[in-house]
Amino acid sequence: MSITTFKNYMQRSSVHISGFENNYSLCFDFSIDEIEPLIATMGTRSTLLSYPFLKSIEECPPQGLKPVYAVLIDHLDQPVGFFNFQVKYFQAQQSMRLGQDEDFFCRLHLRLKSLVVNLVEFNTLVCGNLLLSGPYGYILRPDHESSAGLIYQHMIEEMQGWLRSRSLDTNVVLVKDFFQDQKVLEESTFHSFEIQPNMILDLPRHWMRFEDYLDELHSKYRIRARRAMKAANGILRREISMEEASTFRAQLYGLYKQTATHAEFNLVDLHPDYFYQLKKNLGEAFHIYTYSLKDELVAFYTVIEDGAEDEAHFLGINESLNKPYQLYLNILFDIIQSSILRKKTRTRFSRTALEIKSSVGAKAHSLTCYIKHRKVINNTFVPYLLDFLNQNQDWVPRHPFRESENQLVPIFGLVPEV
C-alpha cells in the first residue's frame, strides 16, 4: 500500500512543533492495520517495533492494556515518526506482592507501603512497551533524531488530548526504557528514575558452539553448568511448531502463570493465547522451546530473533520441579546455546533474576524511565512516591569468565554503559 493511499484514508490534525518552521500532521489510531504502510516505509530496524509483533499484542493484549499508535507526517506528506503507546489501567495493589519480614521496623514500613499501594490506582499512558525491556516507544526519521526529546514530549501531550476526547483520561505518563546514551527527556518536567537493568550477554564471534562458551568460564562456573545439565537428565527439550503451540495453549499459559505469580512486581498479565499469536504472526522469528518430563510439560521459554540479536521473552516453569531439575539455569544455558548456533551477537535476558543471569555471563545495562503527572501539584509528589514504592533489589554481580572484558556490540548504534 502506497503512502498516497495511507495519507488519504487516515484522519489527520494539523500541529505546530516549537522550533520547526513548517506544520506537521498527526494521525492517531487504536488499530495498527491503519498505519502498517508507515512502518514498512520507515524501515524499522527491530522486530520488536514491527507490524507482526505489535499486531500480536493488539490481538491478544494483556489484561487492562490497550495499544494505541500515532503517526507524524511532514508538510511534504512524508512520514517522520511512528509512536507506540499503551494505555494501562494500573493498580499497584495488584502489581506488587508485599513480602514479610521479622524486623519490626521492616514490618512497619511494609504496612505503610501497603496503605499507599491501596491508593495508587489510575490509567497510565505508557510510551513504549510494558512487555519488553528497552527503548521501543518510537521510530524517528534520522533527520529528526536530534530533536527527539522535543518531538516526543509534543506527541505525548497530543496523544493525551486525543485520548481525552474519547473519554479515556490518562493523568499519569510513563516513558520507558532508555539506555545511558538515549536519555531524550533529561531536559523536561518528567521525573527520571532507575529501574532494574537489562541483563545482556555479548557473544564473541569465535564462539561457534556451546563448548566454546563453557571453555571460557572459570572452573567453578563450568562445573556448576555441567552439574545443572546433569540434573536435567530425563528432561525432553524441543522446539514446538505453531500447530503445537495451539494444542499446548492451556499448558503454556498455566506454566507462565506459575512463574508470574512468584514475581515481586508484575505489571502485565498476559493473554492466554499470546504465545500462539506470536508464533502465528512472527513465524520463524519466534521460538517456543518446551521441557517435558514423562510426557508432561514442565517448563518452556520463548525467544524473539531481533536482527543480529536474540531477545529472551516470557517463560514458565513448574516451580515444584525447578530446584531438583535446575530448570531455570538450564533454560539460561539453552538460550545461550541456541543464540550461539544462530550466530547472534548478543542475547538480551531482560531485567529479572539479575544475579543468576549475571552468573552465566550477562552484564547489567542501566535503564532509565520517566514519569509525570498531568496535574502540576500531583507531579510535585511523584519523586517521593517513587522512593517509597521503590522495588530495586540489592544483588551481587558475578564474573564467570576467565577474561572479564568482552567486546561490546552496539544496540541501535549505541553502546550502553555497563
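Me: Is Arg209 buried, exposed or partly exposed in this predicted model?
Reply: Happy to start there. Arg209 sits in the loop between strand 8 (191-202) and helix 7 (210-215). Its relative accessibility is 46%, and the partly exposed class lies between 20% and 50%. So Arg209 counts as partly exposed.

Me: How far apart in space are Arg209 and Arg342, C-alpha to C-alpha?
Reply: In sequence, 133 residues separate Arg209 from Arg342. In space, their C-alpha atoms are apart by 9.9 Å.

Me: Which residues are joined with Arg342 into one network of salt bridges?
Reply: Let's begin with another pair, Glu309 and Arg348, whose side chains meet in a salt bridge at 2.3 Å, N to O. That pair links distant parts of the chain, with Glu309 in strand 12 (residues 309-317) and Arg348 in strand 13 (residues 346-348), 39 residues apart. As for Arg342, salt bridges that share partners join this residue into one network with Glu305, Asp310 and Lys344.

Me: Is Arg348 buried or exposed?
Reply: Its salt-bridge partner Glu309 is buried, with a relative accessible area of 8%. Arg348 has a relative accessibility of 2%, and the cut-off for burial is under 20%, so Arg348 counts as buried.

Me: Which residue forms a salt bridge with Lys55, and what is the distance between the closest N and O atoms?
Reply: Good one to look at on the structure: Lys55 is in helix 3 (residues 51-59), and the partner is 22 residues away, in the loop between strand 2 and helix 2 (36-42). Lys55 counts as buried at 12% relative accessibility, whereas the partner is partly exposed at 32%. The residue is Asp33, and the closest N and O atoms are apart by 2.9 Å.

Me: How many disulfides does the structure hold?
Reply: Cysteines are present, among them Cys27, buried with a relative accessible area of 1%, and Cys127, buried at 0%. A disulfide would need a pair of cysteine sulfur atoms within 2.5 Å. The number of disulfides in the structure is zero.

Me: Which residue of strand 3 is the bridge partner of Cys27?
Reply: Strand 2 (residues 24-29) and strand 3 run antiparallel and are joined by five bridges. Eight of the nine residues of strand 3 (residues 65-73) are buried, so this strand is largely enclosed by the rest of the structure. Within strand 3, the partner of Cys27 is Val71.

Me: What is the distance between the end C-alpha atoms of helix 13, and why does it agree with the expected span?
Reply: Helix 13 has 15 residues, and at 1.5 Å a residue these should span 21 Å. Of those residues, 13 are buried, so helix 13 is largely enclosed by the rest of the structure. The expected span is matched because the end C-alpha atoms are apart by 21 Å.

Me: Where is Gln326, a residue other than glycine with a positive phi?
Reply: Phi of Gln326 is near 50 degrees. Gln326 counts as partly exposed, at 29% relative accessibility. Its place is in the loop between helix 12 (319-325) and helix 13 (327-341).

Me: Which residues touch the most other members of the largest nonpolar core?
Reply: This core has 49 residues. One of the residues in question touches Leu132, Tyr274, Leu278 and Ile304, among others, not counting residues up to four places away in sequence; that residue is Phe53. The full answer is Phe53, Phe82, Leu131, Tyr274 and Phe275.

Conventions. Residues are numbered from 1 along each chain as its sequence is written. This is a predicted model: local features need pLDDT of at least 70, side-chain atom pairs count only at pLDDT 80 or more; totals for chains, interfaces and linings use all residues. Side-chain values use heavy atoms; hydrogens and water are left out. A nonpolar core is a set of buried Ala, Val, Leu, Ile, Met, Phe, Trp, Tyr and Cys residues joined through side-chain atoms within 4.5 Å. Buried means under 20% relative accessible area, exposed over 50%, partly exposed in between (1.4 Å probe, protein chains only). Contact means heavy atoms within 4.5 Å. Helices (H or I, at least four residues) and strands (E, at least two) are DSSP runs, numbered from the N terminus. The expected span of a helix is 1.5 Å times one less than its number of residues. Two strands pair if DSSP finds at least two bridges between them. A salt bridge is a side-chain nitrogen of Lys or Arg within 4 Å of a carboxyl oxygen of Asp or Glu.
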